[in-house]
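Student: I have a structure open and would like to go through it piece by piece. Can we start?

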Amino acid sequence: MQPSTQDSASLDLDAYLARIGHRGALAPTREVLDALHAAHVYSIPFENLDVLLGRPIRLDLASVQAKLVGARRGGYCFEHNTLFAAVLRRLGFKLTTLIARVRFQRSDTGPRSHMLSLVELPEGPFIADVGFGGPGLLQPLPLVEGEGRARVLDVIGLRREGASWVLVSSAGEACQDIYAFTLEENLPIDYEVANHYTSTHPSSLFVNNLIAALPSPEGRVTLRNRELGIWRRDGVERVLVRDDALVDVLRERFGLELPAGTRLSCAGLDR
């Protein structure tokens, strides 16, 4: 296990714990990891609004903390998992930061553009990922092939594919790959390069779409451009949102308070 690749000394742990509503134990155990992971994904939404507003995505801990904790915003994988890794390291967890190639809703081969972590526990290694906007992890998953975890909307598990591990989601007879990753450690500069592509490249998903997502114990709420999706055990409800209602929907459904006067439009973004 390599030394920490992101200094957590500047982390305001109390503010983070208040943001996610965690009041329990803080020892580096599986129970604490599970609790923190679930509290994070249920409290801090996935969103890419700054990309569409022309604001740079900063990955240093101070900037991520100011945005996701101080400003009570959300972010995408690099922001979420940079913050979560710093919290875990502060609490004494041993982890390695990884990068994945996303396969979800893709038929082609995409870049390595998704951050996650491998956490070492006495029970064995677990993958942790609080920053996937679709059917990602709600709690850490043991790094064991074929061991599925049932959830409200699906069953999620891992399979081996050569040197790679593939996160897989299955619901009924439908099965889909989420992303593939190896166990090679990635450093902050690796995420800076991937983040530059993700936030600026003309073909990037996040440059071309407004996306927000927030899971809950009952399901998941998503927004992609003007389509609001409310996912529950009994199905999905889809609602078309007007441009002039987007800011209200982001506040009411995702808890995102945008600065006064913010205007969002999906003109040219519909796909």
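Student: What phi does glycine 92 take, just after H5?
Tutor: Glycine 92 takes a positive phi of about 100 degrees. A note on the source: this is a predicted model, where local features need pLDDT of at least 70, side-chain atom pairs count only at pLDDT 80 or more, and totals for chains, interfaces and linings use all residues. Residues are numbered from 1 along each chain as its sequence is written, and side-chain values use heavy atoms, with hydrogens and water left out.

Student: And H5 itself, how many residues has it?
Tutor: H5 covers residues 77-90 and has 14 residues. Helices (H or I, at least four residues) and strands (E, at least two) are DSSP runs, numbered from the N terminus. From first C-alpha to last, H5 reaches 20 Å, close to the 20 Å expected at 1.5 Å a residue; the expected span is 1.5 Å times one less than the number of residues.

Student: Is H5 mostly covered or exposed?
Tutor: Mostly covered: 13 of its 14 residues are buried. Buried means under 20% relative accessible area, exposed over 50%, partly exposed in between (1.4 Å probe, protein chains only).

Student: Which strands does H5 lie across?
Tutor: H5 lies across S2 (94-102), S3 and S4, and runs at about 20 degrees to S3. Axes are lines fitted to C-alpha atoms, for helices over the stretch in contact, and angles run from 0 to 180 degrees between N-to-C directions.

Student: What is the strand order in the open sheet?
Tutor: The eight strands go S5-S4-S3-S2-S9-S8-S7-S6, with antiparallel pairing. Two strands pair if DSSP finds at least two bridges between them.

Student: Which strands stand at the edges?
Tutor: S5 (141-142) and S6 (149-150) do, each with a single partner strand, so one side of each has no neighbour in the sheet.

Student: How many bridges join S3 to S4?
Tutor: Five bridges join S3 (residues 112-121) to S4 (residues 124-128). In one of the pairs, glutamate 120 has proline 125 in S4 as its bridge partner.

Student: New topic. At what angle do H1 and H2 cross?
Tutor: The axes of H1 (residues 13-20) and H2 (residues 30-43) cross at roughly 65 degrees and come within 8 Å. H1 and H2 are therefore roughly perpendicular; angles under 35 degrees count as roughly parallel, over 145 as roughly antiparallel, 65 to 115 as roughly perpendicular and the rest as oblique.

Student: Last one: is asparagine 225 buried or exposed?
Tutor: Asparagine 225 is buried, with a relative accessible area of 3%. Asparagine 225 lies in the loop between S11 (219-224) and S12 (227-232).

Notes:
Contact = heavy atoms within 4.5 Å.
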